[in-house]
Every structure is written in C-alpha cells, then in structure tokens.
Amino acid sequence: MTPAGRIDAHAPAPNPLDPVDLLLLDELGDLPPGRIAVLDDAHGGLAAALADRTTSAVVAHSDSLVSERRLTDPAVEVVPDLASALVGAQLVVLRLPKSLDALDEMARTAAQLGAEDVRLVAGGRTKHMTPSMNAVLAASFEKVRASLGRQKSRVLHAGVAKKVKQEWPRQRHHDDLGLTVHAHGAVFAGTRVDAGTALLISQLHQLTDTDGTVVDLGCGTGILAALLARRFAHVTAIDVSAAAVASARLTTAGRVDVRRVDGLSECADASIATVVSNPPFHVGTTKDSTPTLDMIHDAGRVLLSGGELLMVFNAHLPYLPRLKHLGPTDILARDKDYLVTRTIHD
C-alpha cells in the first residue's frame with residue numbers, strides 16, 4: 001500500500017486495466033479503513049488493484065457470471081448479489097452500467113445498506129455517459145460531481161447518502177398474459193414485454209408437445225419460462241445475469257428451475273427436448289453476435305435428435321445460416337424488426 005492509503009494507479013496489476021479503471025483509481029483519493037465494494041469489474045483488474053493497495057476488505061460483485069469468473073485475486077471476496085456486496089461499504093467503486101435502472105438500483109442499495117459515510121465513485125467511457133446518470137445518482141446522494149475527462153473517460157463522484165426508498169425489484173401485472181413480471185434494475189426491458197418477446201410468445205403454441213426438458217435460454221425476467229411452465233412439466237430458465245436470475249425466480253414463483261449459467265455449458269449432450277430463446281445482441285455497450293452464434297452451435301450438442309430451437313432475433317443479424325446448419329429452419333413470423341424461427345435438430 002502506498003503512503004496514506006493513496007493508490008498508485010499505474011503499478012502493475014494481475015489483470016488488464018483500461019483507461020476507465022486507471023481514471024477511477026486516480027480519482028479515489030485516500031482509501032477508507034473499512035469495506036470497499038467493487039461492482040461490475042469486467043476483467044478483474046480493478047478489484048485486484050484495489051486489494052493490492054489496501055489492507056481494507058475488498059468485496060466484488062459482477063452481474064455477469066462471465067465477469068465474475070475473472071475475479072480471481074484471492075484477496076478479493078466475491079459475493080453473489082448486489083446487497084451482499086454493499087452492506088457496510090464505505091466506498092463503492094463501479095463501472096457505469098448501460099442501464100439507468102441498473103445504476104439506480106446500485107445507488108439506492110448503496111445509500112440504504114452502505115456505511116453512514118458511504119461514497120460512490122463510478123467511471124465510464126465519455127461517449128456512453130449522459131447527464132441522466134448524474135440525476136440518477138442525485139436521487140440517492142446529496143452531492144454529485146463529475147471529474148475532468150481523460151482518455152475519453154470520466155468519473156462521477158457521489159456522497160452524503162439520502163434516506164431513500166428501495167424501489168427494486170419492480171413489478172407489473174400484464175392482464176393479457178395473466179402474469180406479474182418482476183424486474184431488478186439490470187434486466188433488459190424491465191417489467192415490460194419487449195417487442196421481440198411478444199412476437200416469440202405469439203408462436204409458442206407451435207412447439208411440439210414433449211415430456212422432456214424445455215429450456216428458456218437467456219431468460220431475463222422469466223416471462224417465457226413462466227408461460228412455458230403452464231404447458232410443459234420440465235422447464236429450466238437459464239441466464240448469465242444475477243439480476244435476471246433473481247427476477248425470473250420471482251416472476252416464475254417457484255414453478256421453474258432457474259439457474260445462473262453461462263449459456264448451455266452445464267447441459268449434458270443430447271439431454272434437451274426444446275430450447276426457446278430471445279438472445280441479447282449486446283455485451284455491455286458493444287453489439288456482439290458471437291455469444292448467440294456460439295449458443296446456436298452448442299444447441300446442436302445438447303438437443304435431442306428431432307429437438308427444437310425456437311428463436312427471435314433482429315432480422316439483420318447473421319443467425320439464419322448457422323441455424324440452417326443445425327437443421328431444417330422455418331421462419332414462423334416476422335415483423336418490421338424481428339424474425340421468429342424454428343429449427344429441428346437433425
């Protein structure tokens with residue numbers, strides 16, 4: 001640890017530090033003697049750098065299981081949920097999420113569960129930051145200010161926690177579905193039924209009856225899993241996001257096996273009758289089709305012969321050739337933005 005607990009942001013770290021991490025470390029100032037929470041450290045370098053420079057307890061939580069597995073420094077305690085990370089924290093260090101709702105839940109939870117003198121330091125790429133982020137933080141903290149920019153990055157500081165009401169998870173009842181949807185802040189679409197999911201719902205009746213396992217892959221708030229459970233006896237909902245898994249467990253009310261898993265990696269070969277998916281095409285703020293292309297490939301491993309893959313996706317995305325390689329593929333529905341396809345595994 002450097003003198004007075006101040007961080008040397010440019011000292012070696014076991015995992016890579018990008019310009020946002022380096023600016024965050026430079027902006028932290030003197031580290032507190034108590035608990036430090038690191039949120040959504042995508043590569044593990046930020047948490048490791050903090051643990052290397054303080055004798056304070058460093059805990060970390062990443063919503064993504066993929067990011068969580070990169071938190072490998074033995075001096076960092078990895079915790080499974082947001083609240084566990086923020087209880088008693090004097091300092092909260094985070095990478096700004098894409099979603100304002102996710103940021104709001106982080107800020108409210110920190111204000112409620114953190115130490116009396118908790119402060120929050122959040123960093124991001126300037127091009128992805130908006131004045132609305134300041135307003136979100138100001139709902140939970142009396143003092144909010146922005147740092148000077150550096151290397152196309154900027155940091156927001158928040159301090160003096162307000163007495164705030166916890167608004168997460170939220171819920172909304174959808175009369176047309178006969179379903180109450182629950183959502184934590186980091187889950188795509190919140191309590192809404194997004195257009196892609198709505199189009200996919202309209203085609204669920206075309207699935208073949210089965211006594212086998214039906215998987216809702218990338219389950220989000222669990223809307224599809226809850227509807228599938230009305231018809232199929234064995235439904236499993238899978239998502240890489242801790243917030244999605246927590247939301248889906250509430251939405252499905254214990255009727256579905258909900259798991260935090262990276263794709264189909266834990267499914268045995270030739271063990272699944274049906275996979276239903278509205279897959280994401282962003283990883284954070286970056287558009288990336290690779291995870292879904294990999295998922296389609298892996299579906300060929302886990303599906304039974306004659307098993308079905310029902311998907312919805314933006315029509316411009318490059319999934320049809322990969323689906324047709326898996327087996328005969330039909331377009332069941334389309335609108336101006338989305339396609340719903342059904343593929344029968346050869």
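Which residues lie nearest the centre of the second largest pocket? In this predicted model, they are Asp81, Leu82, Ala83, Glu105 and His184. The lining comprises 24 residues. Three elements each give two or more residues to this lining: helix 4 (82-86), helix 5 (100-113) and helix 9 (242-252). Helix 5 gives the most, with 6 residues. Nonpolar residues number 13 in the lining, alongside 6 polar and 5 charged ones. The volume of the second largest pocket is about 420 Å³.

Helix 9 also links the description to a sheet. This helix lies across strand 11 (234-239) and strand 12. Helix 9 runs at about 175 degrees to strand 12. The sheet is open and has 7 strands, in the order 12-11-10-13-16-18-17. Its pairing is mixed. Strand 12 (257-260) and strand 17 are the edge strands, and each pairs on one side only. From one strand to the next, the twist averages 20 degrees.

Within the sheet, strand 13 (residues 272-277) and strand 16 are parallel and share 5 bridges. Here Val275 stands opposite Leu309 of strand 16. Helix 10 (residues 290-302) packs on the sheet. This helix touches strand 10 (213-217), strand 13 and strand 16. The direction of helix 10 makes about 165 degrees with that of strand 16.

Strand 16 (residues 303-314) also pairs with strand 18, this time in the antiparallel sense, over 7 bridges. One of the partnerships between strands involves Val312, whose bridge partner in strand 18 is Val340. Strand 18 (residues 338-344) is mostly covered, with 6 of its 7 residues buried. Strand 17 (residues 329-334) runs antiparallel to strand 18 and is joined to it by 5 bridges. In this pairing, Arg334 stands opposite Leu339 of strand 18. A hairpin connects strand 17 to strand 18 through 3 residues.

Another hairpin is formed by strand 6 and strand 7, with 6 residues between them. In its turn, Gln151 has a positive phi of about 50 degrees. Strand 6 (residues 141-146) and strand 7 (residues 153-161) are antiparallel and pair over 5 bridges. Phe141 has Ala161 of strand 7 as its bridge partner.

Note on methods: Residues are numbered from 1 along each chain as its sequence is written. This is a predicted model: local features need pLDDT of at least 70, side-chain atom pairs count only at pLDDT 80 or more; totals for chains, interfaces and linings use all residues. Side-chain values use heavy atoms; hydrogens and water are left out. Buried means under 20% relative accessible area, exposed over 50%, partly exposed in between (1.4 Å probe, protein chains only). Helices (H or I, at least four residues) and strands (E, at least two) are DSSP runs, numbered from the N terminus. Two strands pair if DSSP finds at least two bridges between them. On a 1 Å grid over the protein atoms alone, a cavity is a set of points where a 1.4 Å probe fits but cannot get out, and a pocket is an open set with protein on both sides within 12 Å along at least five of seven lines; lining residues have an atom within 4 Å of a point. Grid points are joined across faces, edges and corners, and a volume is the space filled by probe spheres set on the points. Ala, Val, Leu, Ile, Met, Phe, Trp, Tyr, Cys and Pro count as nonpolar, Asp, Glu, Lys and Arg as charged, and the others, Gly among them, as polar. Axes are lines fitted to C-alpha atoms, for helices over the stretch in contact, and angles run from 0 to 180 degrees between N-to-C directions. Contact means heavy atoms within 4.5 Å.
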